[in-house]
Amino acid sequence: MKIRAIVAVLAASLVAVIGAAPQASAAATPPAPLTAADCERGANGFRDIPDTLRGTQAVAPVTLPGGPVVRLYYGTVAGAQRGWAMIDGLTFARDRVWMNWSIDGGASIHVQCGPFLVDATGLTKTSAAKTTSSNPSYRFQACGQSFPYATAARCTAWW
């Protein structure tokens with residue numbers, strides 16, 4: 001019994017020490033990623049665009065199970081060069097598309113803009129568009145997933 005009592009005291013002491021450990025400073029913590037809602041209706045520099053808008057393909061597209069194609073485009077939108085994701089081809093209602101935006105060269109996703117759902121079979125759908133940059137740390141990728149989401153999402157290369 002004495003050993004159990006000693007172990008209990010040591011465990012309580014350890015919890016107290018860990019609980020009292022200094023927290024990392026806020027400056028060392030990366031900012032929290034934005035949510036999908038933070039890229040719609042002009043928020044955070046994103047721009048809503050028509051679901052049929054096409055531009056110049058930035059990287060090779062990816063084909064999803066069932067035939068929809070996910071593309072990453074860039075082009076001039078509202079006077080600025082912007083990038084956006086599109087799903088087209090053999091789409092079905094509720095297929096989804098989104099654009100990932102990275103500010104560290106694609107090492108992590110800063111914002112996932114979407115998903116945006118295809119409204120009806122055969123229609124295209126786009127993400128919101130974001131201003132591009134020549135900074136190599138500032139990257140985009142388009143991703144999509146076929147409904148009923150039984151297979152993994154697929155994404156283009158980073159651009």
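Okay, let's start with one term: I'll call a residue buried when its relative accessible area is under 20%, exposed when that's over 50%, and partly exposed in between. Keep in mind that what's on the screen is a predicted model.

So, salt bridges. The count comes to five, and I'll walk you through some of them.

Let's begin with K125. Its relative accessible area is 12%, so K125 goes down as buried, given the under 20% cut-off. Its partner is D119, and in that salt bridge the closest N and O atoms sit 3.3 Å apart. D119 comes out at 54% relative accessibility, which makes it exposed. So here we have a buried lysine paired with an exposed aspartate. And the pair isn't on its own: through shared salt-bridge partners, D51, D119 and K125 are joined into one network.

Next one: D88 and R54. This salt bridge has its closest N and O atoms 2.8 Å apart. What I'd like you to look at is where the two residues come from. D88 is in strand β5, residues 80-89, while R54 is in the loop between β1 (46-47) and β2 (56-57), so the pair links distant parts of the chain, 34 residues apart. As for burial, D88 is buried at 4% relative accessible area, whereas R54 is partly exposed at 43%.

Then there's E40 with R41. That's a salt bridge too, with 3.8 Å between the closest N and O atoms. E40 is partly exposed, at 24% relative accessibility, and R41 is exposed, at 67%.

Right, let's move on to the backbone. Where are the cis peptide bonds? One joins G114 and P115, with omega at about 15°, and another joins F147 and P148, again with omega at about 15°. If you're scrolling along, P115 is in strand β7, residues 111-117, and P148 is in the loop between β10 (139-145) and β11 (154-155).

Last topic: positive phi values. Which residues have one without being glycine? A78 does, with phi of about 50°, and you'll find A78 in the loop between β4 (68-77) and β5. R94 is another, with a positive phi near 80°. R94 lies in the loop between β5 and β6 (96-102), and this arginine is partly exposed, with a relative accessible area of 46%.

If you only open one spot in the viewer, try D88 and R54, the pair that links strand β5 to the loop between β1 and β2. Okay, that's me done, happy to talk.

How values were computed
Residues are numbered from 1 along each chain as its sequence is written. This is a predicted model: local features need pLDDT of at least 70, side-chain atom pairs count only at pLDDT 80 or more; totals for chains, interfaces and linings use all residues. Side-chain values use heavy atoms; hydrogens and water are left out. A salt bridge is a side-chain nitrogen of Lys or Arg within 4 Å of a carboxyl oxygen of Asp or Glu. Buried means under 20% relative accessible area, exposed over 50%, partly exposed in between (1.4 Å probe, protein chains only). Helices (H or I, at least four residues) and strands (E, at least two) are DSSP runs, numbered from the N terminus.
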